[in-house]
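Subject: Structure for your review

Dear colleague,

Please find the structure below. I would be grateful if you would look through it before reading my notes.

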Amino acid sequence: MRIVPFMVSAAATAGLVWALNKPWGSAVPMPLGKFLSPQHGFWQNAEAAGYDFTADLKFPELKGDASVYLDERLVPHIFAENDEDLYFLQGYIHAKFRLFQMDLQTKAAEGRASEIAGAVAVNFDREQRRLGMKYAAENAMKEMEKDPASLAMFSAYTKGVNAYIHSLKESEIPVEYKLLNAKPEAWSNIRTALLLKMMAKMLSSGTENDLLNTNAKSIFGYDAFKQVYPQVPDSLVPIVPKGTVFDTAGIKPVKPATADSLYFGTKDTMMMAEISRPDKNNGSNNWVVAGSKTQDGAPILCNDPHLELSLPSIWFELQLSTPTSNAYGVSLPGSPFVIIGFNDSIAWGVTNSQRDVKDYFEIKFKDASKKEYWYNGKWEPAMIRYEEIKVRGKGTVYDTVAYTVFGPVIFDESFSNTVSNKRNLAMRWTAHDGSNEGMTFYKLNRAKNYDDYVNAISTFDCPGQNFVFASKTGDIAIWQQGKFPARWDGQGQFVMPGEDDSYNWQGFIPQSENPHAKNPERGFLESANQRPADSSYPYFIPGSYITPRGIAIEHFLSGMSGITVSDMMRLQNNYYNELANDALPVLLKYVNEAGLNTEARKYIEIVKAWNMEAGPASKGQTIYQCWWDSLEAAIWKDDISKTDPMAPWPEEQTTMEWLARDSSSLSYIDNINTQETETLDMIVTTALNKASVSLAQKEAEGKLEWTRFKNPSIYHLIKDGLPAFARKGLNVGGNGNIINAVTHSHGPSWRMIVHMVSETEAYGVYPAGQSGNPGSKYYDNFIDTWVKGEYYKLWMMKATETGDKKVKWVMKFGKG
Amino acid sequence: MKFIVAVILTASLAFAAGLWFDWWSIAIAAFIVALLVHQKAGKAFLAGFTGLFILWGGFAWWMDMQNESILSKKIAATLPLGGNAILLIVVTALVGALVAGFGAMSGSYLRSSNK
């Protein structure tokens with residue numbers, strides 16, 4: 001009798017469960033019932049504010065006992081009896097706090113973003129594969145495996161990550177998986193290699209401009225190109241102090257006989273560009289002052305790497321300690337070792353070298369199968385990699401990538417940005433060559449002196465880095481280290497002919513000839529992504545150098561003596577706009593005030609009274625920057641946009657120097673799209689009038705203050721997908737060309753100061769938090785400290801200090 | 001009295017089931033309780049509904065208190081519920097309540113059809 005109502009009711013229940021157990025499209029990609037269930041879903045990730053991290057765990061992979069002491073900032077101090085246990089625990093702890101980040105970053109590096117993001121990421125994935133990211137990681141793996149000690153460390157790390165993953169209940173997986181309806185994937189050594197290749201791409205793939213330079217050459221011609229994009233800026237303050245005498249080049253590459261006609265002389269254009277080029281602002285500051293310049297006679301080392309700011313951060317702070325080694329600093333979740341930090345004897349830091357280590361060669365294939373290409377007078381077989389890209393919610397996309405003697409063919413008929421361009425371009429990139437960068441950090445973590453440091457970094461190939469160094473014995477040093485091709489003048493600035501070996505790299509600069517300096521008389525060394533040496537360095541070394549920060553750091557450090565840690569803190573947070581200091585007088589010299597509109601007259605008064613400090617409340621910085629950008633557009637845009645894609649923007653340093661030196665020789669001032677002949681005073685005036693329109697609009701919105709104008713923000717890794725997980729509107733100033741290099745969502749990703757007194761005194765901060773869990777109070781708790789320019793004292797815990805009140809929780813590990 | 005017993009039993013059994021089984025085990029729990037503690041369909045629905053409203057709502061509210069609403073505000077802004085943590089707790093409670101309510105009603109009908 002109640003059969004019908006039962007059937008209806010049961011069907012309604014089943015229907016409801018069914019509807020709540022499946023994703024609802026892109027807006028609600030997760031099964032809502034499971035997601036909301038307090039016992040299964042996101043509520044499980046709502047970590048209690050007073051959560052107790054204490055644990056007692058047993059793993060069969062461990063050889064001995066170990067302890068992880070978590071301090072009040074959730075920094076783990078890992079104490080193990082041997083190296084393998086140490087890196088097992090580093091892997092375990094990284095996974096515990098950063099699993100989703102590690103998984104997502106390495107999937108993206110491998111070209112598997114579509115598995116998470118769906119069809120929108122297919123072209124990104126194809127490009128990652130065509131960049132040969134996996135191929136590069138495989139080559140790195142071969143090197144890693146050649147050395148049994150290194151294999152043991154990386155394998156221990158992998159086991160640690162997996163031990164954590166396997167211990168997770170489904171309800172405990174990071175909340176991002178629940179939001180995306182995905183699951184974590186097991187770790188493997190190649191994923192660590194992929195992470196390091198992600199860093200290689202971030203720091204050495206955007207430092208060349210071969211494709212767009214080729215367009216620039218077609219617009220300007222080679223001679224003018226050299227002026228518009230000069231190798232050595234007049235105002236350069238190089239890393240290696242001026243006046244350093246370099247040895248004659250150990251290798252002298254020979255320019256091919258056809259270069260003038262087939263290479264420099266051609267006017268062809270490239271219609272393709274990479275989709276995901278690394279941020280141009282990826283860079284950093286580091287410097288070290290010797291005891292002769294400090295108040296107490298001990299060196300101080302400083303480093304702040306400028307990278308995309310994200311939640312969670314690219315960095316994870318920790319201490320790694322065994323009876324034979326002890327290091328503290330920041331690590332990269334996904335890799336063992338401390339990457340930037342100090343031990344009981346030395347401290348080190350890195351900035352990017354900005355060197356160009358990637359060149360493009362035009363390839364001629366026999367037919368569409370791409371199986372053979374013309375090289376040295378005959379058809380050579382190409383190695384073919386078939387790529388399978390699994391796309392979430394769709395099928396599988398296939399791609400075929402041909403590998404030549406140079407490397408993978410990134411662009412061809414099936415992969416280029418415009419249909420009209422079907423040229424085949426192979427790339428030669430040092431990131432593809434086998435190398436084991438991880439071991440540099442293993443050795444640095446244990447280095448005791450200058451010789452150990454030089455030995456540790458000498459095998460570091462890619463991405464080229466400026467390793468700054470200080471020791472407790474008083475040595476300071478810097479090396480620009482990497483594997484850099486020895487180029488003939490002009491080689492690799494543009495796409496090169498690839499039908500024979502004549503344009504290929506002829507060798508590498510011998511490691512000992514890399515620019516370096518030790519204990520200079522002046523008592524300090526610095527690097528800030530500028531060209532490492534002046535024109536007396538005997539090699540042609542193109543790159544995407546950034547000049548102004550180096551000038552500013554040098555300017556401040558040379559004037560200082562009796563330096564203290566607080567002086568260094570102030571310098572890392574310095575807002576002085578060195579470039580504006582040079583450029584603004586030029587603007588004010590040429591502007592015709594009578595030709596300014598009412599708004600512009602108001603703004604010019606503000607900028608005249610400006611003290612060149614780009615602090616958060618500065619209005620002068622906003623006005624100057626808009627005026628300058630408007631002027632640069634007026635000078636260059638008509639010229640560089642003659643090709644599609646556009647030729648590169650000349651460096652602002654170049655424009656400033658040109659205007660300051662001799663504006664009459666700058667023929668690009670005239671707008672080629674108008675009939676009249678523009679002069680500098682005309683365009684400087686018009687630039688401010690134009691900028692005033694947008695400035696007035698910003699002012700009406702209350703956004704004339706620099707921090708409101710640029711809205712400094714730190715996004716979650718999924719960016720626009722999870723806007724509520726971001727921190728926006730941070731009250732900081734700065735800019736990419738200023739020492740405190742904060743842009744909209746990029747800047748000092750870790751600030752560290754190490755004072756080399758007998759009991760190391762170190763300070764650091766990064767703009768995020770130790771926990772990757774958006775439901776944890778440790779997710780973003782460092783941000784306010786970072787915004788204020790303040791630091792945490794870094795605690796190098798001793799084995800005897802287990803009872804210290806800074807230890808909040810103890811995780812005990814044992815074999816079992 | 002029967003109603004209160006049904007509510008308490010549903011919440012308890014659903015909680016226990018949630019420790020071992022998937023989230024939708026709450027429907028089965030409510031169904032079983034409705035079989036054991038027979039009430040008319042409407043009352044059974046209300047008992048299942050109330051049981052899970054209390055369990056999921058209370059559970060979520062307690063977690064949220066402990067968490068100081070750090071996560072709920074982010075999720076409530078993402079779903080989108082205007083960043084309102086209380087509303088997210090209510091939605092959580094309602095979803096559990098509806099599923100259990102229908103489960104319980106089915107149980108009630110099944111038992112009455114067996115008579």
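The notes that follow treat the contact between the chains and then the domains of chain A.

Please bear in mind that this is a predicted model.

Contact between the chains

Chain A and chain B each give 34 residues to the contact between them. On the side of chain B that touches chain A, three helices each supply at least two residues: helix H3 (41-67), helix H4 (70-78) and helix H5 (85-114) of chain B. The largest share of that side comes from H5(B), with 13 residues. Sorted by class, the side of chain B that touches chain A has 20 nonpolar, 11 polar and 3 charged residues.

Domains of chain A

Chain A is divided into two domains. Domain 1 is made up of the segments 53-114, 132-260, 282-355, 437-491, 510-574 and 739-816, while domain 2 covers 578-710. Taken over C-alpha atoms, the centres of domain 1 and domain 2 of chain A are separated by 36 Å.

The contact between these two domains takes 19 residues from domain 1 of chain A and 14 residues from domain 2 of chain A. Which elements give two or more residues to the side of domain 1 that touches domain 2? They are helix H10 (210-220) and helix H15 (548-558) of chain A. H10(A) gives the most to this side, with 6 residues. By class, the side of domain 1 of chain A that touches domain 2 of chain A holds 10 nonpolar residues, 8 polar residues and 1 charged residue.

Yours sincerely,
A colleague

Conventions
Residues are numbered from 1 along each chain as its sequence is written. Chains are lettered from A and ligands numbered from 1 in the order in which they are written. This is a predicted model: local features need pLDDT of at least 70, side-chain atom pairs count only at pLDDT 80 or more; totals for chains, interfaces and linings use all residues. Two residues are in contact if their C-beta atoms, placed from the backbone, lie within 7 Å. Helices (H or I, at least four residues) and strands (E, at least two) are DSSP runs, numbered from the N terminus. Ala, Val, Leu, Ile, Met, Phe, Trp, Tyr, Cys and Pro count as nonpolar, Asp, Glu, Lys and Arg as charged, and the others, Gly among them, as polar. Domain bounds come from an automatic or database domain assignment.
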